[in-house]
Amino acid sequence: MATMQEWLERLEREGDLKIVEEPCDVDLEIAHIAYVEVKRDPSKVLLFRRPVSRKRGIEYDIPVVMNMFSNFEVTTKFFGRHPDAIAKEIEELMHLRPPEGVVQKLALLPKLFGLKNVFPKRLRRKGLCQQIVKSASQVDLDELPILKTWPEDGGPFITMGQVYTRSLDGKMQNLGMYRLQQYGKKRLGMHWQIHKDASHFFDQYREAGRKMPVSVAIGGDPLYIWCGQAPLPYGMFELMLYGFVRNEPARLVRSITNDIWIPEDVDIVIEGEVDPEEMEIEGPFGDHTGYYTLKEPYPVMEVNAITMKENPVYQATVVGKPPLEDKYMGWGTERIFLPLLKTTAPDLIDYHMPENGVFHNLILAKMEPHYKGHAKQFMHAFWGVGQMSFVKHAVFLGAEAPPLTDYEAVTEYVLNRISPKRLLVTEGIVDALDHSSPHPLEGGKLGIDSTGPEVTEGPKEILDDGALLAAMRAIDGSVKDLKQIFTHTKNPICIVSYEKSRSVQALFDDLKALHDHLKIVVVVDAGRNDIENHYMLVWRVTNNIDAMRDLRTEPFIMVDATDKSGIDGYEREWPGDVLCDKDVLEALRHKGLIDIDDTFIERFGLL
Ligand SMILES: Cc1cc2nc3c(=O)[nH]c(=O)nc-3n(C[C@H](O)[C@H](O)[C@H](O)COP(=O)(O)O)c2cc1C
């Protein structure tokens, strides 16, 4: 077990840390620098030694660490071994059988002995994180370098808070990573979404008419925050996973003002109470979907105490368009949770959530199908279990498919097997952040079964892009451009850039005339999408579509990935893209704090 400070020393020794000595503003500057850095490969962990708020005239005593999960290697260091090795250990435990003979019995001992580390240890003393104690009258959240990460954010947010809560009866404890909006000196917005464990606990307190104690920790061993985002089932305390991965139990101390136990070596702890009667508007916030989440009421925590180490470090992250730090956190989660997912889908071989599908928008899964409908059975299983049920688009491939991270080969494989009959469109729950569905929290799901043999028929006649564009423009002059890709497969994709003045469904009606030349058409908004940039197109399309509304299959597959509004019968507010502040980017470039050119800006849709 190592503290944040010890980790930073090691990362510096091993060349993984970049220290920024220049004063950088908590208002956008730090976040923009980290946002650019995490898009490099490999990116570095960033330590901002002198955070300031120029607007409020503050020079903070506490440095800010960003991009802690900066690449695969650094993330592996935090786990202590490759996440596949951890998955293997979990798999072995799940398949334990009574040992036969002395040799097997002895071999079993270390595994069972290791399990004792799963249970956190409660220490009857103060923790390192309680060296400094600020009581209710001394609490001032402005002393922490809390970042405003995006121009249109509703204010500053704690973006890497470990939120510790417990059930009303005290029997369950939970660690979740939820963002917290700062309201003034003593109040924080608790963005635990309705599906999350802390929200379930909150419901218990509300029903009982009792205030809910909460302790929010920041920093310490980076594995704590990774555990906070891990999708463990309701009722399982995430620090048990910590003990398993670290091979050492988490060491906890009691919070000063409530009965919640927190790791003794975290950097900062914010303690308080949530009054179930009080809600406040939370957001907007530039989110990890690459869109803003809009204003919504959420519970509020009244801060009663802040405790910290003598020399704390404030850990934060910036989310937005991919790739982000959560690419590496999510990679660890994906690998480690494979054996657990296999318990619901036993013939699953592997799965992968590409970062530009922002996790809940796209999953690729490889399986060994044994009977008709097997892939569809798995789709329902995925959509019915825990946080996997947020996934909007699930693509299943057969056992002989290429590795799931070989996107070019995987796309070819799928396109050679796709047909309207092999699609499953249904409804289910969607992530609270999803903006595409007609109603919050529930929406369309698309499953693609490409476990079968290749389809036999391709398009009757492939036109070149110029001829096809002319044919489309003759139908609708608002078609601005198009590009056909994967034309060597049975189902080429035609990406159409469209200046929308009517519903794309009406355009689809007219495009049917081109059925000899088209197999899959995907329409995106002109001006907001680069049809050559496949990485960002996957991000846009999987974000923007609700399969129940935006997918048609006759006479060919048509996908409307444009932004929706009244003309599409969409009645919610469609959120804006998360974009950097141009002046801040320019100033940072000028100061030499970021080194990017216009190609980089376009590639990742920064402006
Ligand atoms: C960077 C990052 C930010 C997150 N922010 C939130 C958030 O504000 N609200 C939320 O409900 N989940 C958020 N999550 C997802 C949760 O951490 C994740 O669903 C976790 O498993 C929830 O834990 P729980 O099941 O114990 O509630 C975030 C995840 C990451 C990686």
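This briefing describes the ligand site, one helix and several strand pairings of the structure above. The structure is a predicted model, in which local features need pLDDT of at least 70 and side-chain atom pairs count only at pLDDT 80 or more, while totals for chains, interfaces and linings use all residues. Residues are numbered from 1 along each chain as its sequence is written, and side-chain values use heavy atoms, with hydrogens and water left out. The ligand has 18 residues around it, and the protein buries 88% of the 640 Å² that the ligand exposes when taken alone.

**Ligand site**

- Met177, Tyr178, His191, Asp197 and Gln387 come nearest to the ligand among the 18 residues around it; a residue is near a molecule if one of its heavy atoms lies within 4 Å of it.
- By class, the shell around the ligand holds 7 nonpolar, 7 polar and 4 charged residues. Here Ala, Val, Leu, Ile, Met, Phe, Trp, Tyr, Cys and Pro count as nonpolar, Asp, Glu, Lys and Arg as charged, and the others, Gly among them, as polar.
- Strand E11 (173-177) and helix H7 (222-229) each supply at least two residues of this shell, and E11 gives the largest share, 4 residues. Helices (H or I, at least four residues) and strands (E, at least two) are DSSP runs, numbered from the N terminus.
- An oxygen atom of the ligand lies 2.9 Å from a backbone N or O atom of arginine 179.
- For glutamine 193, a backbone N or O atom is 3.0 Å from an oxygen atom of the ligand.
- At alanine 230, a polar backbone atom is 3.2 Å from an oxygen atom of the ligand.
- The accessible area of the ligand, 640 Å² when taken alone, comes from the Shrake-Rupley method with a 1.4 Å probe.

**Helix H8**

- Helix H8 (residues 238-246) is mostly covered, with 8 of its 9 residues buried; buried means under 20% relative accessible area (1.4 Å probe, protein chains only).
- The buried residues of H8 include Glu238 and Arg246, as well as Leu239, Leu241, Tyr242 and Phe244.
- Asparagine 247, just after H8, takes a positive phi of about 65°.

**Sheet E1-E3-E6-E21**

- This open sheet consists of 4 strands in the order E1-E3-E6-E21, with mixed pairing; two strands pair if DSSP finds at least two bridges between them.
- Strand E1 (17-20) and strand E21 (314-316) are its edge strands, each pairing on one side only.
- Neighbouring strands of this sheet are turned by 25° against each other on average, direction ignored.
- Strand E6 (residues 64-66) pairs with E21 in the parallel sense over 3 bridges, and valine 64 stands opposite tyrosine 314 in E21.

**Sheet E2-E4-E5**

- A further open sheet has 3 strands in the order E2-E4-E5, and its pairing is mixed.
- Its edge strands are strand E2 (24-25) and strand E5 (58-59), each of which pairs on one side only.
- E2 runs parallel to strand E4 (residues 51-53), paired over 2 bridges, and cysteine 24 stands opposite proline 51 in E4.

**Pairings of strand E15**

- Strand E15 (residues 251-254) runs parallel to strand E7 (residues 121-122), joined by 2 bridges; leucine 252 in E15 is the bridge partner of arginine 122.
- With strand E16 (residues 261-263), E15 pairs in the antiparallel sense over 3 bridges.
- Leucine 252 has proline 263 in E16 as its bridge partner.
- A hairpin of 6 residues joins E15 to E16.

Note on methods. A polar contact is a pair of N or O atoms within 3.5 Å; within protein, one must be able to donate a hydrogen and the other to accept it, and residues adjacent in sequence count only if both atoms are side-chain atoms. Buried means under 20% relative accessible area, exposed over 50%, partly exposed in between (1.4 Å probe, protein chains only). Axes are lines fitted to C-alpha atoms, for helices over the stretch in contact, and angles run from 0 to 180 degrees between N-to-C directions.
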